[in-house]
Amino acid sequence: MNASRTARERARAELTQEIKEEARRQLAAEGAQRLSLRAVARELGMVSSALYRYFPSRDDLLTALIIDAYESIGARVEAADAARPPADLRGRWRAISQAVREWALTHPHEYALVYGSPVPGYSAPQETVVPASRVPIALVKLARDAWASPTSAPSTEGPPLSPTLAAQAEQVAAALAPGLPGPVLTRYIIGWTQLFGMISFELFGHLVGSVDPADDFFAHAVEHMADFVGLPADTPSPS
């Protein structure tokens, strides 16, 4: 009984993965708006009623693809961060930033699905929130480590936060980084949005005719943002 159940579960998992892979191919060819369960079933040689046992609706399939994308980019970022020494704060910032860009360039259609225009008629359910939080949480972890490090100098200077923004930053800090000042956390949020904004401009063709290819521009901007959030410069190697 157990062996039979395991075989069925393995077969179901394999077919579920095949369905999602075909859906990703359709994302690349047609875009998320035209994703169709019937088309996926047809390409896999299935009847639609059989596919509905795996994904009852197009939105269920979209949700699975969105969660997979967030988990994939989150794992890439966390691995890049963990590969750097914890005290190498600027190196970790670079590694996180580069990991996001490399993932986006390798998975442009999945990036567009989660960071591009919303899919008309689709509303992401609560179950997407935790996977979507992995990248910003990695940045907040870096912010927390930098604030605790004697080698970094996160700045609290600059325009004062409005009461609304101060309350928002305080709420995020209380949940993820207790003790981190609101102005410091806000700088990291600016860095987060700057990072994804640069990548979106590159991926969606808005840098053509200016700083395309964008490798040098991206590296330059990452260093500027590291300065902006107050990360220490690299320590010169002894000669």
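Which residues does R24 touch, not counting residues up to four places away in sequence? The answer is given in the legend to View 2, after an overview of the model.

**View 1. Confidence along the predicted protein chain.** This is a predicted model, in which local features need pLDDT of at least 70 and side-chain atom pairs count only at pLDDT 80 or more, whereas totals for chains, interfaces and linings use all residues. Residues are numbered from 1 along each chain as its sequence is written, and side-chain values use heavy atoms, with hydrogens and water left out. The mean pLDDT of the protein chain is 93, and 96% of the residues score at least 70; pLDDT is the predictor's confidence in each residue, from 0 to 100. Confidence is lowest in helix 1 (residues 2-30), with a mean of 88, and highest in helix 5 (residues 89-106), with 98. Helices (H or I, at least four residues) are DSSP runs, numbered from the N terminus.

**View 2. The surroundings of R24 in helix 1**. R24 touches Q17, L65, D68 and E110, not counting residues up to four places away in sequence; contact means heavy atoms within 4.5 Å. The side chain of R24 makes a polar contact with the side chain of D68 at 2.7 Å. A polar contact is a pair of N or O atoms within 3.5 Å; within protein, one must be able to donate a hydrogen and the other to accept it, and residues adjacent in sequence count only if both atoms are side-chain atoms. R24 counts as buried because its relative accessibility is 16%; buried means under 20% relative accessible area, exposed over 50%, and partly exposed in between (1.4 Å probe, protein chains only). A network of salt bridges links R24 with K20, E21, D68 and E110. A salt bridge is a side-chain nitrogen of Lys or Arg within 4 Å of a carboxyl oxygen of Asp or Glu.

**View 3. Salt bridges within and between helices.** The whole structure contains 19 salt bridges. One of them joins R25 to E22, with the closest N and O atoms 2.9 Å apart. Both R25 and E22 lie in helix 1, three residues apart, about one turn of the helix. E22 is buried, at 8% relative accessibility, while R25 is partly exposed, with a relative accessible area of 48%. R134 forms a salt bridge with E71, the closest N and O atoms being 2.3 Å apart. This pair links distant parts of the chain, with R134 in helix 8 (residues 134-148) and E71 in helix 4 (residues 58-82), 63 residues apart. E71 is partly exposed, at 30% relative accessible area. R90 forms a salt bridge with E223, with the closest N and O atoms 2.8 Å apart. Here too, distant parts of the chain are linked: R90 belongs to helix 5 and E223 to helix 11 (residues 215-229), 133 residues apart. R90 is buried, at 6% relative accessibility, and E223 is partly exposed, with a relative accessible area of 24%.

**View 4. The buried face of helix 6 and the largest nonpolar core**. In helix 6 (residues 108-115), the residues E110, Y111, L113 and V114 are buried. Seen down the axis of helix 6, these buried residues fall within an arc of 160°, so they line one face of the helix; the arc is that of the directions from the helix axis to the C-beta atoms. The largest nonpolar core has 61 residues, and those with the most contacts inside it are L61, W93, V100, L113, Y188 and L231. Its largest share, ten residues, comes from helix 4. A nonpolar core is a set of buried Ala, Val, Leu, Ile, Met, Phe, Trp, Tyr and Cys residues joined through side-chain atoms within 4.5 Å. Leaving aside neighbours within four places in sequence, Y188 is in contact with W93, L139, L142, A143, A146, V229 and L231.

**View 5. The surroundings of Q26 in helix 1**. Q26 is buried, at 8% relative accessibility. Apart from neighbours within four places in sequence, Q26 contacts G31, L35, S36, A39, V40 and E43. Q26 and H109 are 83 residues apart in sequence and 9.8 Å apart in space, C-alpha to C-alpha.

**View 6. Local features of two loops.** P213 is placed in the loop between helix 10 (182-203) and helix 11. The peptide bond from D212 to P213 is cis, with omega near 5°. Most peptide bonds are trans. S162 lies in the loop between helix 8 and helix 9 (163-176) and is partly exposed, at 36% relative accessibility. The side chain of S162 reaches the backbone nitrogen of L165 at 3.1 Å.
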